Amino acid sequence: MKDERFVILGNGGAGVAAARAARASGYEAEIHIVSDTDAPAFNPMLSPYYLKGVIPWDSCFPFGEGLYRDYTITFHGDAPVEFLDAVNQQVTLAGGERLSYDRCLIATGARPLIPSVPGLENCTRSFPLRDAASARGLEKTLGSARRALVLGASLVGLKVAEILRKRGIDVLLSDTEDQILPHSAHPSSAALLTTYLEEQAVHIRLGCTLEGIEERAGGVACHFPEGVVEEVDFVVLCTGIRPNLHFAQDQVMIKEAVLADEGMRTTAPSLYAAGDVSQALNPLSGRHEWRATWANACVQGRVAGSNMAGQDTAWPGAIA
């Protein structure tokens, strides 16, 4: 395999785990990791703990800067993937660079789901808290802020609400669903949690759609139904994610995400998928489902990397 080349699209938990597993399996040929930033792998699930003061900033980069040297990896930073040609086994990067591969792993993660609210996508005072830049941007805003809108009553939304309250910031938590944690909590549990949050002075607005936002000097005007306008200093988006797969359309089988078997192989030869872009087995339902978590990504990446290096490893799947 010394003359082969692995190309890993993505520099998150799945991509790094795959590279490490391949080297641990004895793979000695080229490994290339392609990233849309020039920073080491960032774990977005850790940024709330940094903002809370529990961990230092460097801990949000769990693999460190020395990973690429230690594992003899060629790193392509600030090079988003433009196109994947699964037939000719080649990827095109921003700027026109092309990389041919013998085996390729799609591990490009997920991007924030931005609700189609007028004014929201281009608002400079909204933070999706999905990457290092947004976490740093939010941190800079917190110092002088007095009031914030947290859009989305997800687990991340609740974590953010807690952080903001502990910093003395007034919090409005809003969701289009009729309960908090709509995808993970029983209604009776959600009701208890809602009461608790309200006791901590979190203002909760459920079953309510944000109709538009208007950025003003030093703040944001949030327009709700019936003419209600809430003035806040910033907005934190906790409204979900979607796989980064714009470059792979028509190249591989995609439903919610890329379909992968228990070895993380896709429907295209020599092409694997792992992490937030993959749709893999749920052993309870027997269906291939999208389960985007950091832990799943790392395990799937290890399986993919081992198999790309010639091993025969299976992923047992994950449940919700």
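## The S13–S14 hairpin

Gly212 has His223, a residue of strand S14, as its bridge partner in this predicted model. The two strands involved are S13, covering residues 212-216, and S14, covering residues 219-223. They pair in the antiparallel sense, with 5 bridges.

Together S13 and S14 make a hairpin that leaves 2 residues between the strands. Gly218 lies in the turn and has a positive phi of about 80°.

## Glu230 and its surroundings

Strand S15, residues 229-232, contains Glu230. Is Glu230 buried or exposed? Glu230 counts as buried because its relative accessibility is 13%, and the cut-off for buried is under 20%.

Leaving aside residues up to four places away in sequence, Glu230 touches Arg147, Leu172, Arg205, Val220, Ala221, Cys222 and Phe224. With one of these, Arg205, there is a polar contact between the two side chains, at 2.7 Å. Leu129 is 101 residues from Glu230 in sequence, and their C-alpha atoms are 22 Å apart in space.

## Cysteines

How many disulfides does the structure hold? The number is 0. Cys123 is in no disulfide, and the nearest cysteine sulfur belongs to Cys222, 8.1 Å away. A disulfide would need the two sulfur atoms within 2.5 Å. Cys298 is also in no disulfide; for Cys298 the nearest cysteine sulfur is that of Cys60, at 15 Å.

Cys123 has a relative accessibility of 7% and therefore counts as buried. Cys298, at 12% relative accessibility, counts as buried too.

Terms used:
Residues numbered from 1 in each chain as written. Predicted model: local features only at pLDDT ≥ 70, side-chain atom pairs only at ≥ 80, totals over all residues. Heavy atoms only, no water. Pairing = 2+ DSSP bridges. Helix = DSSP H or I, 4+ residues; strand = E, 2+ residues; numbered from the N terminus. Buried < 20%, exposed > 50% of the residue type's maximum accessible area, 1.4 Å probe, protein only. Contact = heavy atoms within 4.5 Å. Polar contact = N/O pair within 3.5 Å; in protein donor to acceptor, adjacent residues only side chain to side chain.
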